[in-house]
Amino acid sequence: MEEMAFPDPERTHAALVTSGDGGYAMELLLRPGARADAADCGRICFEAFDQLAREHGFVGDFPSVEAATGLMDTLLGHPGFYSVTAELDGRIAGSNFLDERSSVVGVGPITVDPACQNAGVGRRLMEDVMRRADERQAPGIRLLQSAYHCRSFALYAGLGFQFRETLACLQGPPIGRTVAGYTVRPATDADLAACNEVSRRVHGVDRGGEVSDALKQGTARVVEHEGRVTGYATDLAFFAHAVGETIEDVKALIASATAFGGPGILVPASDAALLQWCLRHGLKVTQLMTLMTVGLYNEPAGAYLPSILY
């Protein structure tokens, strides 16, 4: 079907897709997301993740529709996120986001209404954010997916994403201890440059936009060793990341946390020393996830915890 005429033709696209059961054709419209979509997108986000998790014997990523709706409202209203909403025959059927707060962009959360599965909506939503990343000339794209969901892994691999790492999602009681020689304290605006330098040293790029947001929210913290900042965390949570020059830096950050937000923190399974340390201190593996990338990717030259956004 030819592209239809809308006020912003660069952001709105229409096509015909086949229903999931191979029956009638439906009109799929991709358009920019708006905060007015938060309730519908939030309901779909909760239902999609909850149903998928239960089908595989896991707990969903969101405790309630309200929690998922709150996240959708935040992302739809945040200037650092690109959003796209899918409509099928005039009804919202899914959404996707691109975290553009740093030079390397992160995909998600991508969700499709369970009633619209297998109609090609997810692929169209992915192609849209990848087009956006290409237009912005982003050097790299990253995403995380639940390792038990083989179909999404196949979709992303088919779109050009490469496997990079298996991540263990860990949850449990606070460790409540210190690591000798490492001091953890709340981060201040004056720490931003040091945090960016740590990220560049470990990953080759900084994530200053995310750190800036965490500073505003009051969740950022840094770890100091021998009188200088050697690591930081935007929080110790599912939607937060941490970076350290060494495993000891990240251990200190994890050990200082009063709680692990959401489903928990994401620890690279290949970092056996860090993962085993977490397990010895009472954290439990709740699920495995997969880090996948397109474009620029540097093997980390230190320790890190990615967020669910990357």
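**Why these labels: Leu288, the aromatic pairs and the cores**

Colleague: Why is Leu288 called partly exposed?

Modeller: This is a predicted model. In it, Leu288 has a relative accessible area of 40%. Buried would need under 20%, exposed over 50%. The value lies in between, so Leu288 is partly exposed.

Colleague: Where does Leu288 lie, and which nonpolar surface patch does Leu288 help to make?

Modeller: Leu288 lies in strand β14. With Leu279 and Val285, Leu288 makes a nonpolar surface patch of about 230 Å².

Colleague: How do you know that Phe62 is buried?

Modeller: Its relative accessibility is 11%. The cut-off is under 20%, so Phe62 counts as buried. Phe62 is also among the residues with the most contacts inside the largest nonpolar core, which has 29 residues. Helix α1 gives the largest share of this core, six residues.

Colleague: What makes the pair of Phe49 and Phe62 tilted?

Modeller: The ring centres are 5.7 Å apart, within the 6.5 Å limit, so the rings pair. The planes stand at 55°. Stacked needs under 30 degrees and edge-to-face over 60, so this pair is tilted. Phe49 sits in helix α1, and Phe62 in the loop between α1 and α2, 13 residues apart.

Colleague: Why is the pair of Tyr156 and Phe161 called edge-to-face?

Modeller: The planes are 65° apart, and over 60 counts as edge-to-face. The centres lie 6.2 Å apart. Tyr156 and Phe161 are both buried.

Colleague: Which residues is Ile308 in contact with, leaving aside its neighbours within four places in sequence?

Modeller: Leu144, Phe238, Phe239, Leu266 and Met289.

Notes. Residues numbered from 1 in each chain as written. Predicted model: local features only at pLDDT ≥ 70, side-chain atom pairs only at ≥ 80, totals over all residues. Heavy atoms only, no water. Core = buried A, V, L, I, M, F, W, Y, C linked by side-chain atoms within 4.5 Å. Buried < 20%, exposed > 50% of the residue type's maximum accessible area, 1.4 Å probe, protein only. Helix = DSSP H or I, 4+ residues; strand = E, 2+ residues; numbered from the N terminus. Contact = heavy atoms within 4.5 Å. Patch = residues over 30% accessible without salt bridge, like charges linked within 9 Å, V, L, I, M, F, W, Y side chains within 5 Å. Areas by Shrake-Rupley, 256 points an atom, 1.4 Å probe, with all protein chains shown as cover. Salt bridge = Lys/Arg side-chain N within 4 Å of Asp/Glu carboxyl O. Phe/Tyr/Trp six-rings, centres within 6.5 Å; stacked < 30°, edge-to-face > 60°.
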